[in-house]
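Here is a walk through one protein chain. Keep the sequence and the 3D view at hand as you read.

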Amino acid sequence: MGKQILVSLLLIFLIFFLPWLWGGPAREPVPQPEPPPADVQPPAEPDNEPAPDQEEQEPGIDRSSPLNVLVEGKLQQMDMETYLLGVVRAEMPAAFHEEALKAQTVAARTYVLHKIAGGGSANHPQADACDDITCCQAYKSQTDAATDWGAHAAEYEEKIRRAVTETDGECVLYEGAPVLAVFHSSSAGTTQDSQSVWSASLPYLRSVETPEGEDTVPNYHSTATFSAGELRDLLREALPETVLEGSPSNWFTNIVQQPGGMVTSLSVGGVEVGGNRLRTILDLRSACFTIAFDGDEVTFSVSGYGHGVGMSQYGANVLAEDGMTYQEILKWYYTGTEVGVIE
């Protein structure tokens, strides 16, 4: 009996006290997290310092301004920055000086904001703008522009992006409101007063000197030749009340021209029309023209390109190359205006 008790006490000792002598009671191992897959990076440690480019990435005025734009007949939603990139790609040669590109950007931004402030276009009440140049402004995607630019695509895209971002929200303002910031390709010595072209006088669309010419503008001079029959058909379709008899040299009378050669008005077959109206009817490059007659042929010799009102794009480029800033260029072409953000 005594031997059995001794064995029992020995077993109890082995069970309860030996583990304590070897370092304490056994514990389950603490679970360890599994490593992330090879293509998943572990989260970065929190950083109390802002990223160096955080300020640049925050949306500016243009990125915070939504627009509905009709592009190739389809309604697209985009912000002002995206819209302006497309407009500047389409409206001005990307090889131009950056200050000229900035002037173009501000003019394009101003034009669309002026149009929106006036209630938009009756041609597309569902959209703020479209890509039809007879209604709004041209628009070109980055892909289409890159195709046109070829090896210069990356360089030109970067130039235009800087022009847009570095003028964020800026407009041409007259008495605090965005102006009708129309523009054209090139003029002959002077731009035109809006009243002489559209019969609407605006204080900031006055005739001013502009420096471009045949040395700085490709195809500055052009000609358009018509037979008497072709010319008669075009004129009668647009101006059915005209009397076009006898020699074509008798059809055009009372021609009124500006000093630079821009025709402001003339009589066509007894009907008075504006020079810009005739330009449109005959698809001339500008209303700065002279007329020559040779038997059955009538030739219009034309200088410049566009309606001649507001900013001349080639003139802006010459001024930029001569050291003008984009603000100075805009105030040169839009009389009595300031450049700033609408308050």
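Does Glu72 count as buried or exposed? Glu72 counts as exposed, because its relative accessibility is 66% and the cut-off for exposed is over 50%. Bear in mind that this is a predicted model. Glu72 is found in the loop between strand 1 and strand 2. Its backbone deserves a look too. The phi of Glu72 is near 55°, a positive value in a residue other than glycine. Most residues other than glycine have a negative phi.

Now step back to the whole chain. It has 12 helices and 14 strands. It runs to 343 residues, and 42% of them count as buried. Take the contacts between residues at least 6 apart in sequence: 63% of these join residues at least 24 apart.

Return to the strands on either side of Glu72. Strand 1 and strand 2 flank the loop that holds this residue. An open sheet of three strands has the order 2-1-3. The pairing in this sheet is mixed. Which strands form its edges? They are strand 2, residues 74-79, and strand 3, residues 129-130. Each of these edge strands pairs on one side only. Strand 1 covers residues 66-71 and is joined to strand 3 by two bridges. Strand 1 and strand 3 run parallel. To find the pairing by eye, look for Val69, which stands opposite Ala129 in strand 3. A helix belongs to this picture as well. Helix 4, residues 80-91, lies across strand 1, strand 2 and strand 3. Helix 4 runs at about 115° to strand 2.

Move on to another sheet. This one is also open, with three strands in the order 7-12-11. Its pairing is antiparallel. Strand 7 (221-227) and strand 11 (289-294) stand at the edges, and each has a single partner strand, so one side of each is left without a neighbour in the sheet. Neighbouring strands here are turned by 20° against each other on average, direction ignored. Six bridges join strand 11 to strand 12, residues 297-303. Strand 11 and strand 12 run antiparallel. Ile291 stands opposite Phe300 in strand 12. Here too a helix lies across strands. Helix 9, residues 228-238, lies across strand 7 and strand 12. Helix 9 runs at about 95° to strand 7.

Next, find strand 8, residues 252-257, where Thr253 has its place. How far apart in space are Thr253 and Leu266? They are 6.1 Å apart, C-alpha to C-alpha, with their positions 13 residues apart in sequence. Leave aside the neighbours of Thr253 within four places in sequence. Thr253 is then in contact with Leu266 and Ser267. Thr253 is partly exposed, because its relative accessible area is 33%, which lies between the cut-offs of 20% and 50%.

Follow the chain to helix 10, residues 275-282. This helix is mostly covered: six of its eight residues are buried. The buried residues are Gly275, Asn276, Leu278, Arg279, Ile281 and Leu282. What comes just after helix 10? Asp283 does, with a positive phi of about 60°. Asp283 is not a glycine. It sits in the loop between helix 10 and strand 11. Asp283 counts as exposed, because its relative accessible area is 68% and over 50% is exposed. Glu72, with its own positive phi, is likewise exposed.

Finish with a pair of helices. Helix 11 covers residues 313-321, and helix 12 covers residues 326-333. They pack at an angle of about 135°, with their axes 10 Å apart. That makes helix 11 oblique to helix 12. The crossing of the two helices is right-handed. Which residues meet there? From helix 11 come Gly315, Ala316, Leu319 and Ala320. From helix 12 come Ile329, Trp332 and Tyr333. By class, the contact of helix 11 with helix 12 has six nonpolar residues, one polar residue and no charged ones. The polar one is Gly315, because Gly counts as polar.

Terms used. Residues numbered from 1 in each chain as written. Predicted model: local features only at pLDDT ≥ 70, side-chain atom pairs only at ≥ 80, totals over all residues. Heavy atoms only, no water. Axes fitted to C-alpha atoms, helices over the stretch in contact; angles between N-to-C directions. Helix = DSSP H or I, 4+ residues; strand = E, 2+ residues; numbered from the N terminus. Parallel < 35°, antiparallel > 145°, perpendicular 65-115°, else oblique. Left-handed = near helix turned anticlockwise from the far one by under 90°. Contact = heavy atoms within 4.5 Å. Pairing = 2+ DSSP bridges. Buried < 20%, exposed > 50% of the residue type's maximum accessible area, 1.4 Å probe, protein only.
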